[in-house]
Amino acid sequence: MKKSFAILLLLISCCNLFSQKAKIIAGGGISKIKSSTAPVLDKNVFVISGGIGLDWLEQSNYYLSSELNYTQIGGKEINPGLPAPYTEMQKKWGFVSLSSTFRYKIPVDNTFFFVGAGPKLNFLLDSSPFENTIYEGGYDMKKINLGLNTEVGYMHDWDRYRAGIVASYLIGITPIASTEFSKLRSNPLYFSLSFGFDL
């Protein structure tokens with residue numbers, strides 16, 4: 001885990017050498033779990049996301065956006081036939097997330113729309129992932145999982161500042177948890193506000 005954070009800090013330092021705008025991001029969204037076998041926490045819950053980032057190597061039609069976030073992934077499950085407290089189970093996990101997306105710009109005066117895509121690494125923060133659920137001890141929660149982060153958004157530039165709205169959908173590439181017979185993935189959808197300024 002220490003190696004992962006060292007690599008993360010090195011990447012952010014390298015990005016900073018070429019950065020054009022620093023930014024703050026905050027938002028929320030919905031998440032549920034997809035199982036390769038029987039349903040597991042398969043109903044939506046509200047999750048949050050927030051962090052800091054850099055927009056760099058910016059050109060007229062594209063730029064790179066790198067972010068360091070706290071994000072949640074989770075789901076809910078309702079089982080009327082089970083005894084309490086398992087009748088309704090809800091679980092949210094916290095992650096430190098590192099992402100870098102290529103954003104293609106569609107400029108309109110001082111504003112632009114964009115579409116983007118790029119890799120996202122999630123580093124698990126929770127030490128008791130399935131506590132208080134019937135899955136405790138059954139699933140092996142992965143410390144790191146990888147996804148493809150896809151985005152659409154709108155940004156407005158004025159003076160030294162940039163503000164906008166971003167919708168992002170994470171496509172889980174590697175599972176967040178697994179057993180010998182089943183794999184759990186999640187594709188959360190986030191909506192965020194972004195505020196940036198020139199460095």
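# A tour of the predicted model

Start by selecting Tyr-62, which lies in strand β4, residues 62-78. The model in the viewer is a predicted one. Tyr-62 counts as partly exposed because its relative accessibility is 34%.

**Stop 1: the nonpolar patch**

Keep Tyr-62 selected and add Phe-102, Tyr-104, Ile-106, Val-108, Phe-113, Val-115, Val-152 and Tyr-154; together they make a nonpolar surface patch of about 790 Å². Now colour β5 (88-108), β6 (111-124) and β8 (144-158), each of which supplies at least two residues of this patch. Which strand gives the largest share of the nonpolar patch? That strand is β5, with four residues.

**Stop 2: the main nonpolar core**

In soluble globular proteins, nonpolar side chains tend to be buried together. Here the largest nonpolar core has 18 residues. Select Leu-41, Trp-93, Phe-130, Met-141, Ile-176 and Leu-184, the residues with the most contacts inside this core. Two elements, β3 (45-56) and β5, give two or more residues to the core. The top contributor is β5, with three residues.

Next, centre the view on Trp-93. What does Trp-93 touch, apart from its neighbours within four places in sequence? Its contacts include Leu-41, Phe-130, Met-141 and Ile-176. Ile-33, Thr-71, Gln-72, Ile-73 and Gly-74 are also among the residues in contact with Trp-93. To complete the set, add Leu-124, Asp-126 and Pro-129.

A second core, separate from this one, has five residues, among them Tyr-63, Phe-114, Met-155 and Val-166.

**Stop 3: a four-strand sheet**

Select β2, β11, β10 and β7. In that order these four strands form an open sheet, and their pairing is antiparallel. Which strands are at the edges? They are β2 (33-35) and β7 (140-141), each of which pairs on one side only.

Follow β7 to strand β10, residues 177-178: the two run antiparallel and are joined by two bridges. Within this stretch, Met-141 stands opposite Ala-177 of β10. Met-141 was also selected at the previous stop, as one of the core residues with the most contacts.

**Stop 4: salt bridges**

Show the charged side chains next. How many salt bridges are there? The count comes to 11.

Select Lys-23 and Asp-55, which form a salt bridge with their closest N and O atoms 2.8 Å apart. Lys-23 lies in strand β1 (residues 19-31) and Asp-55 in strand β3, so this pair ties together parts that are 32 residues apart in sequence. Lys-23 counts as buried because its relative accessibility is 4%. Asp-55, at 3% relative accessibility, counts as buried too.

Move to Asp-42 and Lys-43, whose side chains meet in a salt bridge with an N to O distance of 3.9 Å. Are these two buried or partly exposed? Asp-42 is partly exposed, with a relative accessible area of 28%. Lys-43 is partly exposed as well, with a relative accessible area of 38%.

Then select Glu-151 and Arg-103, where the side chains meet in a salt bridge at 2.8 Å, N to O. Glu-151 belongs to strand β8 and Arg-103 to strand β5, so the pair ties together parts that are 48 residues apart in sequence. Both Glu-151 and Arg-103 are buried.

To see how these pairs connect, select Lys-23, Asp-55, Glu-58, Glu-67, Arg-103, Lys-105, Glu-151, Asp-157 and Arg-162. Salt bridges that share partners join these residues into one network.

**Stop 5: backbone details in the loops**

Most residues other than glycine have a negative phi, and most peptide bonds are trans. Three places in this model are worth a look on that account.

Go to Pro-85, whose place is in the loop between β4 and β5. A cis peptide bond joins Ala-84 and Pro-85, with omega about 5 degrees.

Asn-132 is placed in the loop between β6 and β7. Asn-132 has a positive phi, near 65 degrees, and is a residue other than glycine. With 57% relative accessibility, Asn-132 counts as exposed.

Finish at Asp-159, found in the loop between β8 and β9 (161-172). Phi of Asp-159 is near 50 degrees, again a positive value in a residue other than glycine. Is Asp-159 buried or exposed? Asp-159 is exposed, with a relative accessible area of 73%.

Methods:
Residues numbered from 1 in each chain as written. Predicted model: local features only at pLDDT ≥ 70, side-chain atom pairs only at ≥ 80, totals over all residues. Heavy atoms only, no water. Patch = residues over 30% accessible without salt bridge, like charges linked within 9 Å, V, L, I, M, F, W, Y side chains within 5 Å. Areas by Shrake-Rupley, 256 points an atom, 1.4 Å probe, with all protein chains shown as cover. Salt bridge = Lys/Arg side-chain N within 4 Å of Asp/Glu carboxyl O. Buried < 20%, exposed > 50% of the residue type's maximum accessible area, 1.4 Å probe, protein only. Pairing = 2+ DSSP bridges. Core = buried A, V, L, I, M, F, W, Y, C linked by side-chain atoms within 4.5 Å. Contact = heavy atoms within 4.5 Å.
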